[in-house]
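Please read this briefing with the sequence and the structure side by side, and look up each residue as it is named. The points are grouped by topic.

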Amino acid sequence: MIGTPLLDGATKILLLGSGELGKEVVIEAQRLGVECIAVDRYQNAPAMQVAHRSYVIDMKDRDALRAIIERENPDYIVPEIEAINTDTLIEMEKEGYTVIPTAKATKITMDREGIRRLAAEELKLKTAKYEFATSLDELKEAVEKIGIPCVVKPIMSSSGKGQSVIKSKEDIEKAWEIAQKGARGLANKVIVEEFINFDYEITLLTARTVEGTKFCEPIGHIQIDGDYHESWQPHPMSEELKKDAQDIAKKITDALGGYGIFGVELFVRGDEVIFSEVSPRPHDTGMVTMVTQEMSEFEIHVRAILGLPVSTKLISCGASHVIKSDIHKWNPKYDISEALKVPNTKIRLFGKPVATVGRRMGVALATADSIEEARKNAEKCAHAVKIK
């Protein structure tokens, strides 16, 4: 049963983090009559612009986070970012609140050490070799064990922040500095990973629902400096490799539990599928599903949360390409007239109040008869958007 928004008995979602992915979650939830409250660290974040109410707090502040949850008393607490006091979510879950997918999943996946140990040591999934370091000296030792080249990431960060590749011993000190600047929270620990020369990488969107686990078609993607740049669906791969990817995704999502969509990132090298990371929420590479699937990843997430039927049916080949700012500007303006002349394309502007160089301000989406054509059109559309 779904209540009526803003009245007694309303079904309420409290969204922790109000970026572009959260904005689409709110839109889908409101289509089903769900009351939505958006929370973020700054005013007028994308999801706040479409939610019923919003709050600006530091979500790492235990008291502030608890106060908002107790005030709103939501049916579902839906984390959308990593920078949250997850210990508070665990406390609230014990007190009877429902955290999506679970408080444990939110805590483990926020911490690269936690999720890597779960995947490699408990579930015995194939991963890159890894070591952890809490100082520059330990980092030097870890690099010695893993070998060069290798990848260094803060154990708590997102969207490639703090990530770098060590290509020689001279890069080690710089990699440590980059990781410390890019880390979220107070943790100074880093993970050092084997550099894998993969053939391609995919996101396998995996939905845990009351009807069981369902998989979307694989999404191919390219990242630049650890941050999503473009994606396409479906990514071609053999049925055997797809089955291996689904087996890995089911094992890791079953271990995390709860309902909702998970973005499982995997490397494919030859006939090997290697686990990389998992996000217990819609994934940025999955924005392509807004034009490729019967239900986007956002609609699937909301439906899974509410215990409703879900479809992962693919209806078209498609691609997405980020629209990034090349200027620093408060209150930016957009010229999209030329961009929308590209056939079979759509644009989603996120409405972020501040543009900074390299910041993701929107996404271009394209459908076509082939992945190659869709990717070409999505890129052409994205590059035609002028931010002023």
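In this predicted model, valine 152 of strand E6 stands opposite valine 192 in strand E8, and valine 152 also stands opposite serine 164 in strand E7. These pairings belong to an open sheet of 4 strands, in the order E5-E8-E6-E7, with antiparallel pairing.

**The sheet around E6**

- Strand E6 (residues 150-154) and strand E8 (residues 190-194) run antiparallel and are joined by 5 bridges, while 3 bridges join E6 to strand E7 (residues 164-166), which is likewise an antiparallel pairing.
- Strand E5 (130-133) pairs with E8 in the antiparallel sense over 4 bridges, and within this pairing glutamate 131 stands opposite valine 192 in E8.
- How many strands form the open sheet, and in what order do they come? The sheet has 4 strands in the order E5-E8-E6-E7, the edge strands being E5 and E7, each of which pairs on one side only, and the twist averages 30° from one strand to the next.
- Helix H5 (residues 112-122) packs on this sheet and touches E5, E6 and E8, with a direction that makes about 150° with that of E5.

**Burial of E6 and of helix H10**

- Strand E6 is mostly covered, since 5 of its 5 residues are buried; both faces are covered, with Cys150, Val152 and Pro154 buried on one side and Val151 and Lys153 buried on the other.
- Helix H10 (residues 297-306) is also mostly covered, with 9 of its 10 residues buried, among them Phe298, Ile300, Val302 and Leu306.
- The elements that cover the buried residues of H10 include helix H1 (20-31), strand E4 (76-79), strand E9 (200-209), strand E13 (260-269) and helix H9 (289-292).
- Just after H10 comes glycine 307, which takes a positive phi of about 75°.

**Two packed helices**

- Helix H3 (residues 86-94) and helix H4 (residues 103-110) pack at an angle of about 165°, and their axes are 8 Å apart.
- Because angles over 145 degrees count as roughly antiparallel, H3 and H4 are roughly antiparallel to each other, and their crossing is left-handed.
- The contact is made by Thr86, Asp87, Leu89, Ile90 and Glu93 of H3 together with Ala103, Lys104, Thr106, Lys107 and Met110 of H4.

**Backbone details in the loops**

- A cis peptide bond, with omega of about 5°, joins isoleucine 148 and proline 149, and proline 149 is found in the loop between helix H6 (136-146) and E6.
- The peptide bond from glutamine 233 to proline 234 is cis as well, with omega near 0°, and proline 234 has its place in the loop between strand E12 (227-233) and helix H8 (239-256).
- Asparagine 44 is not a glycine, although it has a positive phi of about 65°; asparagine 44 is found in the loop between strand E2 (35-40) and strand E3 (53-56), and it counts as partly exposed because its relative accessibility is 45%.
- Lysine 124, in the loop between H5 and E5, has a phi near 60°, a positive value in a residue other than glycine, and at 64% relative accessibility lysine 124 counts as exposed.

**Domains**

- The domain assignment of the protein chain gives domain 1 (12-99), domain 2 (129-194) and domain 3 (200-387), and the C-alpha centres of domain 1 and domain 2 lie 31 Å apart.

Terms used
Residues are numbered from 1 along each chain as its sequence is written. This is a predicted model: local features need pLDDT of at least 70, side-chain atom pairs count only at pLDDT 80 or more; totals for chains, interfaces and linings use all residues. Side-chain values use heavy atoms; hydrogens and water are left out. Domain bounds come from an automatic or database domain assignment. Buried means under 20% relative accessible area, exposed over 50%, partly exposed in between (1.4 Å probe, protein chains only). Two strands pair if DSSP finds at least two bridges between them. Axes are lines fitted to C-alpha atoms, for helices over the stretch in contact, and angles run from 0 to 180 degrees between N-to-C directions. Contact means heavy atoms within 4.5 Å. Angles under 35 degrees count as roughly parallel, over 145 as roughly antiparallel, 65 to 115 as roughly perpendicular and the rest as oblique. A crossing is left-handed if the near helix is turned anticlockwise from the far one by less than a right angle, and right-handed if clockwise.
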